[in-house]
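This report describes the overall make-up of one protein model and then turns to points of backbone geometry. The sequence and structure are shown below.

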Amino acid sequence: MNNRIVNLKSKLLADYLTATELLDIMFSCQKFSDERNGFNSAELDRAIKVVIDAKASLPRNTDGKRIVTDEIREAVSKLLFKVPVENLRRREERAAESGKAKVADCKPADYGVSDRSIWNPAANSVRSPSSSVPVYTVQYSNGEDKNAFKGFVGNKSAIETLLLQINGTRVRGDSFRPILLVGQSGCGKTELATRIAKLIGRTVYSLVGSALKTAEDVDALIDKVDKCSVIFVDETHSVGDAAVARMLTLLNNSTDKDLCFIFATNLSSHLPDAFSNRCLQIRLKQYNLDELAQICIQTARERDVRLADDVAKYIASRCHGIARYAVNYTRDIIVEEAATVNRSITVDNARSLFQRRGIDEFGLSKEHRNYLRALAERRVASSASMTFALAENSVAEIEQVIEPILIKQGLINITGKGRALTEKGYAFVSRMDDIEEE
């Protein structure tokens, strides 16, 4: 089956999908539309038009991206695959269970730097079939890939440590030591876990820590996964206490399935010392401007579009050290400017996107600026009172999405008394109207 079409199915069945992501893969299919795709150009054109026409009315996430609704998913699924989404899901689950589903371009959404010729997992975003098993996604491997870290950007010393550990383990014939990746959101933890799985040629089962609440949840997951697999648990700090205790038992006494555990967190202090000390801890740094620019260039190159160094740095300067932003901004510029093969993206193209999104020269969105205005009025406030003031954002969004960037920019401080603007923050608020006009 055409790999782009399987990737399109995977996108439609994912829990989270932006309009830009959906359009991106459909445009890719459109470039190579033929009878092998299973549908023709007219069907693709109609599906693309449905998304474009509805895009302006779709809800936004905290990054300002338009989120595909269930109605749009249904319309695209029926146009291209002639079945409702739920029927498509059941069909893909059956295929995945039998090991027949094939996906060629399956990479983490928060990065986007890969060599398509070397990773060919058999399925992506596959829901676990039983409600008693925590929901996971699965990426099937086609064998060991010596070039798995080709093109990986940043954290050179961390990568060297990992490769030495992996090589030494394989030479000695030992079981793989559990790995704990520690770093802020967007520093490449998910991408790194995926590449480790590619290097050692193992299927990787990925899930969020909050899906593991009890010891029974852990046992159900272990029973479900294949032998010699990688289990990647993101946001490990959100795993339930009983589940942590059960995992610690498994880490101390290896299972007969010879599993490789990879954990990721940005709150390592929330984990028990007994758990953290059992793992090989790899601390990842945030990306610097040059590294983010390199990610932008590689993301454009994957889509056969040219990106000059100055344009890449212009985009990177608004990414706050987060690789996911670099990938998404670059991809969105390419899609929204309808960039064709071998076209060069300009600074004007990038500037137009940021102006449409309300993102200023410091990379701050309307949500960030609204927060700063509200905090300036209150001088000191709790996250709950800020949630009430902003109305459109939850406590989790404020604490996990908005505030970390403002803290990093030195615009706010959080103390025992609450949130407060810094001197730099007050200066920024005083000229915010001029910044928005620009």
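How many helices and strands does the protein have? The protein, a predicted model, has 19 helices and eleven strands.

## Burial, contacts and surface

Of the 438 residues of the protein, 53% count as buried. Contacts between residues at least 6 apart in sequence include many that span long stretches of chain: 71% of them join residues at least 24 apart.

The surface exposed by the protein amounts to about 20200 Å². Carbon and sulfur atoms supply 48% of this area.

## Backbone geometry: Asn155

Most residues other than glycine have a negative phi. Asn155 has a positive phi of about 50°, although it is not a glycine.

Where is Asn155 placed? Asn155 lies in the loop between strand 1 (137–139) and helix 6 (156–172). Is Asn155 buried or exposed? Its relative accessible area is 11%; because the cut-off for burial is under 20%, Asn155 counts as buried.

## Backbone geometry: Asp304

A positive phi also occurs at Asp304, with a value of about 60°, and this residue is not a glycine. Asp304 is found in the loop between helix 11 (289–302) and strand 7 (306–307).

The relative accessibility of Asp304 is 37%. Partly exposed residues fall between the limits of 20% and 50%, so Asp304 counts as partly exposed.

Conventions
Residues are numbered from 1 along each chain as its sequence is written. This is a predicted model: local features need pLDDT of at least 70, side-chain atom pairs count only at pLDDT 80 or more; totals for chains, interfaces and linings use all residues. Side-chain values use heavy atoms; hydrogens and water are left out. Helices (H or I, at least four residues) and strands (E, at least two) are DSSP runs, numbered from the N terminus. Buried means under 20% relative accessible area, exposed over 50%, partly exposed in between (1.4 Å probe, protein chains only). Contact means heavy atoms within 4.5 Å. Accessible areas come from the Shrake-Rupley method with a 1.4 Å probe; for residues, only the protein chains shown count as cover.
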